[in-house]
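Hi everyone, thanks for coming. I'd like to walk you through a structure today, strands to begin with and pockets after that. Here it is on the screen.

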Amino acid sequence: MAQFNWEKLGKVFDPSNRFEWMDSYAQVPTPLILKDKIRVYYTCRPKPDHDGKFVSHTSYIDLDINDPSKVLYIHNKPIVDMGEVGSFDEFGIHPTSVLKHDNKVLLYYTGWSRKESVPYQTWIGLLVSSDNGETFQRVSNGPIIGSGLANPYLANGAFVLKKEKGFVMFYASAKSWYQGSGKPEPIYSIKCAESFDGVNWETSNNSILPEAQDNECISRPSVVYLEGEYHMWYAYRSAKEDFRSDSNFSYKIGYANSTDLKNWIRCDRDAGIVCSNYGWDSEMMSYPYVVKLAEDLLMFYNGNGFGKEGFGLARVNNYTNG
């Protein structure tokens, strides 16, 4: 059984009042390992408008590959414009998975738009870079995974792995909206999709992880392959409306493993990381992304308030299978 004992290295990046387009939040940190640095994409927000509505932009920072807690560079603009009027990503994008393929960088993202009967709707898009991840272009104005039989309400948080032939994606898909006394909240689970080219996907209607509680939300999976097994970390929480203010129902980091990417064993207590007793990640931990760097494992994640004050880092030194 694999053993993971994460050492928290603290908050790495605080976005507060950086630029006009970046006033707060550095959500869903998404790292790309480059030759001499780690480039981390994230989504941020400017100040809300006079009606209290917000948009989200994606940009990146570069970290020292020898000391990933050290920021080398903060990019001074978003990597791509907002979506066109009426598009699925009109009000912003959230990066969720990044990889190199055919001398290009593929950045999978969640695009979102506002709705009336529910607060928002999200679908999955794809950006492509030819300059090592500095600038990007959309492959389409529409999503690569949108509304359909497998995903009738919304889909987001995609994580993509290259296989020997093709690609596999793990993503969150809503199966209903929870109608509490406040605004509706989505209930979603993790599903799987496959593709030959990384653009056109065959989706499945089956959830791959069992629920640990009623009305549970499981989001932003991240998968690494280590010594014959696949290991998945993800964020999970209750869909109850007080999850935003009550830490008992807020996001925590869970864990599952598999030998074939199809059959997963969920065991959240083996995640190896929990909320701190105090500080920036004492009430919530969410949106983990795990990468292997030399002999270490690195986990980028958000803390309290869904990443309002930035993202942090944890590490497993000299990983070996326990």
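Before I start counting bridges, one definition: two strands pair here if DSSP finds at least two bridges between them. And please keep in mind that what you see is a predicted model.

With that in hand, look at β15, residues 229-238, and β16, residues 252-258. These two strands run antiparallel, and seven bridges join them. If you want one spot to zoom in on, take His 231, which stands opposite Asn 257 in β16.

Now zoom out a little. β15 and β16 belong to an open sheet of four strands, in the order β14-β15-β16-β17, with antiparallel pairing. Which strands stand at the edges? Those are β14, 216-226, and β17, 265-266; each has a single partner strand, so one side of each is left without a neighbour in the sheet.

Let's move to β2, residues 24-33. How many of its 10 residues are buried? Nine are, so β2 is largely enclosed by the rest of the structure. Its partner is β3, residues 37-45: the two run antiparallel and are joined by six bridges. Together β2 and β3 form a hairpin, with three residues between them. One bridge to look for is the one that pairs Ile 33 with Ile 38 in β3.

On to the pockets. The largest one holds about 800 Å³ of space. Its lining has 29 residues, and nearest the centre you'll find Arg 45, Phe 54, His 94, Tyr 120 and Arg 244. Among the elements that give two or more residues to this lining are β2 and β14, which you've already met, along with β6 (93-101), β10 (155-162) and α1 (304-307). As for character, the lining divides into 11 nonpolar, 10 polar and eight charged residues.

The second largest pocket has a volume of about 410 Å³. Here 17 residues form the lining, and Val 98, Phe 159, Leu 161, Tyr 289 and Val 291 lie nearest the centre. The elements that give it two or more residues are β2, β6, β10, β14 and β18 (286-293). How does this lining divide into nonpolar, polar and charged residues? There are 14 nonpolar residues, no polar ones and three charged.

So if you take one strand home, let it be β2: it forms a hairpin with β3, gives two or more residues to the lining of the largest pocket, and does likewise for the second largest. Thanks, and I'm happy to go back to any of these views!

Methods. Residues numbered from 1 in each chain as written. Predicted model: local features only at pLDDT ≥ 70, side-chain atom pairs only at ≥ 80, totals over all residues. Heavy atoms only, no water. Buried < 20%, exposed > 50% of the residue type's maximum accessible area, 1.4 Å probe, protein only. 1 Å grid on protein atoms, 1.4 Å probe; cavity = no way out; pocket = protein on both sides within 12 Å on 5 of 7 lines; lining within 4 Å. Points joined across faces, edges and corners; volume = space filled by probe spheres on them. Nonpolar A, V, L, I, M, F, W, Y, C, P; charged D, E, K, R; others polar.
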